[in-house]
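Load the model in your viewer and switch on the cartoon. The stops below go one selection at a time.

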Amino acid sequence: YRMTSVMGEEAKLGRYVAFLSAILVILMNILPKLKSKKIILIALIPISLYVIFISGDRAPLLRYLIFLCLFILFLKDFKKEYLISFILTIFASLIFVYNSPLLKDRIIDTTIRDITSTSFKIAPFSSHYEEHYYSAYKMGSENLIFGIGPNLFEKNCHKTQYKISDRSCSSHPHNFFMQLFAELGIVGLSFFVLFYISILFSIIKFSYNKFFSDKIYNQSYNIGPKIYLFCFLLPLIPNMSFYNHWNNIFIFFVIGLLLYSNQNNTEIKT
């Protein structure tokens, strides 16, 4: 039903591939003197997308698709080869999914059922996750300043005042923002929100300079890590626990790339 490969019973292959492939795409851009990087990128995009598709891991697939769209759009020298490779891979993967009943049910049919079962009808999460969010919101609302305590959602979600249904309790709320609000309150959440807003503001500023201004940036070094953080921290799409170790390894590694790339980013007047 879902390909896991070396992960065994853990259905996390798509998540690993999405994280790692996006990092490789950034590295291809940060290391401009790397030979054959165009060939590597053109091969990497279809292979990684294909693996994520057949893994059935939907949230990482959506994040990775958004990342690729923005990254290709913001390339300093827009390469049509990357765009063609990306589009052809999407079409080929969809054809493959439609011809595989199990994958079609997982990627398309189940996704439609999940989305339409929520209160919002178009939100990219299921009603199951929606109940986690409401439970986390109740915790944060009743413990507004400092939250209920780090990593304590699982210990308290079964309590009557926080319980939404029999499905609302889990090891974590599957959303960084809701988890931090529930467990660290507005004090802990504010640091994370400010960081995310700064990333979003930088992307908007770059977009304006690229498309509407004569001022441009040497974006190849700087914009890749920011797009990565924007997509893989995007609050609307479910994610793992904020305290998950391997999940944080990928995120903090990219923050390191961002700090490095900032030293190589210079403003250019044209």
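At which residue does helix 8 bend, and by about how many degrees? Select G185: helix 8 bends there by about 130°. Keep in mind throughout that this is a predicted model.

Now select the whole of helix 8, residues 176-211. Its 36 residues would reach 52 Å as a straight helix at 1.5 Å a residue, but the C-alpha atoms at its two ends are only 32 Å apart.

Next, go to the start of helix 8 and show N175 and F177 as sticks. A side-chain oxygen of N175 comes to within 3.0 Å of the backbone nitrogen of F177.

From here, pick A182 and E142 and draw a C-alpha to C-alpha distance: it reads 8.9 Å, for two residues 40 apart in sequence. E142 belongs to helix 6, which covers residues 127-142. Show what surrounds E142: apart from its neighbours within four places in sequence, it is in contact with Q161 and Y162.

The last stop is the largest pocket. Select D57, R58, A59, P60 and R106, the lining residues that lie nearest its centre. The pocket holds about 740 Å³ of space, and its lining comes to 29 residues. To see where these come from, colour helix 3 (58-73) and helix 5 (101-116), the elements that give two or more residues to the lining. Then colour the lining by class: 17 residues are nonpolar, five are polar and seven are charged.

Technical notes:
Residues are numbered from 1 along each chain as its sequence is written. This is a predicted model: local features need pLDDT of at least 70, side-chain atom pairs count only at pLDDT 80 or more; totals for chains, interfaces and linings use all residues. Side-chain values use heavy atoms; hydrogens and water are left out. On a 1 Å grid over the protein atoms alone, a cavity is a set of points where a 1.4 Å probe fits but cannot get out, and a pocket is an open set with protein on both sides within 12 Å along at least five of seven lines; lining residues have an atom within 4 Å of a point. Grid points are joined across faces, edges and corners, and a volume is the space filled by probe spheres set on the points. Helices (H or I, at least four residues) and strands (E, at least two) are DSSP runs, numbered from the N terminus. Ala, Val, Leu, Ile, Met, Phe, Trp, Tyr, Cys and Pro count as nonpolar, Asp, Glu, Lys and Arg as charged, and the others, Gly among them, as polar. Contact means heavy atoms within 4.5 Å. The expected span of a helix is 1.5 Å times one less than its number of residues. The bend at a residue is the angle between axes fitted to the seven residues ending there and the seven starting there. A polar contact is a pair of N or O atoms within 3.5 Å; within protein, one must be able to donate a hydrogen and the other to accept it, and residues adjacent in sequence count only if both atoms are side-chain atoms.
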